[in-house]
Amino acid sequence: MAFKKCAVPFAGTAEQEAQLKAVIAEHADDRGALMPVLQKAQEIYGYLPIEVQTMIAEGMDIPLEKVYGVVTFYAQFSLNPKGKYRISVCLGTACYVKGSGDLFNAFSEKLGIKGGEITPDGKFSLDACRCIGACGLAPVLTVNEDVYGNLTVDDVDKILAKYE
């Protein structure tokens with residue numbers, strides 16, 4: 001099985017590793033505790049790189065392939081770190097009909113990354129979501145907690161410039 005490495009090197013700390021080992025030890029006798037351990041690990045690290053998955057697999061005596069399978073199956077888990085500025089473009093029906101697919105592609109091209117990835121400097125990450133709940137402002141995206149609506153591809157440079 002080929003595991004995809006992230007463009008940004010893993011930078012876990014000894015403190016994070018100690019926290020994860022404590023979580024694993026807490027669930028040592030529960031073979032069905034993989035989900036809560038993964039959820040807690042993502043809280044600790046912010047994402048689940050292969051290095052963290054390996055610690056979990058070894059600590060819980062579960063094959064790495066099983067851990068990886070669960071991480072890649074559930075949308076709540078991320079294999080990549082999130083940028084300082086997390087761009088999330090709504091691709092729900094209302095937004096998509098009004099051009100959010102073009103917005104997503106424009107951000108991808110400008111940043112040089114695909115959905116789910118992070119720029120090499122760690123500044124921006126790009127994701128798609130299904131609905132922000134602001135359909136009246138379609139197309140909509142968020143940058144961290146900031147919401148932008150009624151957008152066109154001409155707005156991409158202006159939005160990125162705010163976070164440079």
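A residue counts as buried here when its relative accessible area is under 20%, as exposed when that area is over 50%, and as partly exposed in between. With that in mind, and remembering that this is a predicted model, the tour can start at a helix.

Select residues 34-45, which form helix H2. Colour its buried residues, which are Leu-34, Val-37, Leu-38, Ala-41, Gln-42, Ile-44 and Tyr-45. Looking down the axis of H2, you will find that these buried residues fall within an arc of 155°, so they line one face of the helix. The general reason for such spacing is that an α-helix has 3.6 residues a turn, so residues three or four places apart point the same way. To see what covers the buried residues of H2, add helix H1 (14-26), helix H3 (50-60) and helix H4 (64-73), which are among the parts that do so.

Next, check the length of H2 by picking its end C-alpha atoms, which are 16 Å apart; at 1.5 Å a residue, the twelve residues should span 16 Å, so the two values agree. Then step on to Gly-46, which follows H2 and has a positive phi, near 90°.

Now turn to the aromatic rings, of which the structure holds four pairs. Select Phe-10 and Tyr-45, whose ring centres are 5.8 Å apart and whose planes stand at 40°; because an angle that is neither under 30 degrees nor over 60 counts as tilted, this pair is tilted. Phe-10 lies in the segment before H1 whereas Tyr-45 belongs to helix H2, so the pair ties together parts that are 35 residues apart in sequence. Phe-10 is partly exposed, at 28% relative accessibility, while Tyr-45 is buried, with a relative accessible area of 10%.

Move on to Tyr-85 and Phe-124, another aromatic pair that is tilted, with 5.7 Å from centre to centre and 40° between the planes. Tyr-85 is in strand E1 (residues 85-90) and Phe-124 in strand E3 (residues 124-129), so this pair ties together parts that are 39 residues apart in sequence. Both Tyr-85 and Phe-124 are buried. Add Tyr-163 to the selection, and you have a cluster in which ring pairs link Tyr-85, Phe-124 and Tyr-163.

For the last stop, stay in strand E1 and select Ser-88, which is buried, with a relative accessible area of 17%. Leaving aside its neighbours within four places in sequence, show the residues that Ser-88 is in contact with: Asp-127, Ala-128, Cys-129, Ile-132, Leu-141 and Thr-142.

Notes: Residues are numbered from 1 along each chain as its sequence is written. This is a predicted model: local features need pLDDT of at least 70, side-chain atom pairs count only at pLDDT 80 or more; totals for chains, interfaces and linings use all residues. Side-chain values use heavy atoms; hydrogens and water are left out. Helices (H or I, at least four residues) and strands (E, at least two) are DSSP runs, numbered from the N terminus. The expected span of a helix is 1.5 Å times one less than its number of residues. Buried means under 20% relative accessible area, exposed over 50%, partly exposed in between (1.4 Å probe, protein chains only). The arc is that of the directions from the helix axis to the C-beta atoms. Contact means heavy atoms within 4.5 Å. Rings of Phe, Tyr and Trp (its six-membered ring) pair if their centres lie within 6.5 Å; planes under 30 degrees apart count as stacked, over 60 as edge-to-face and the rest as tilted.
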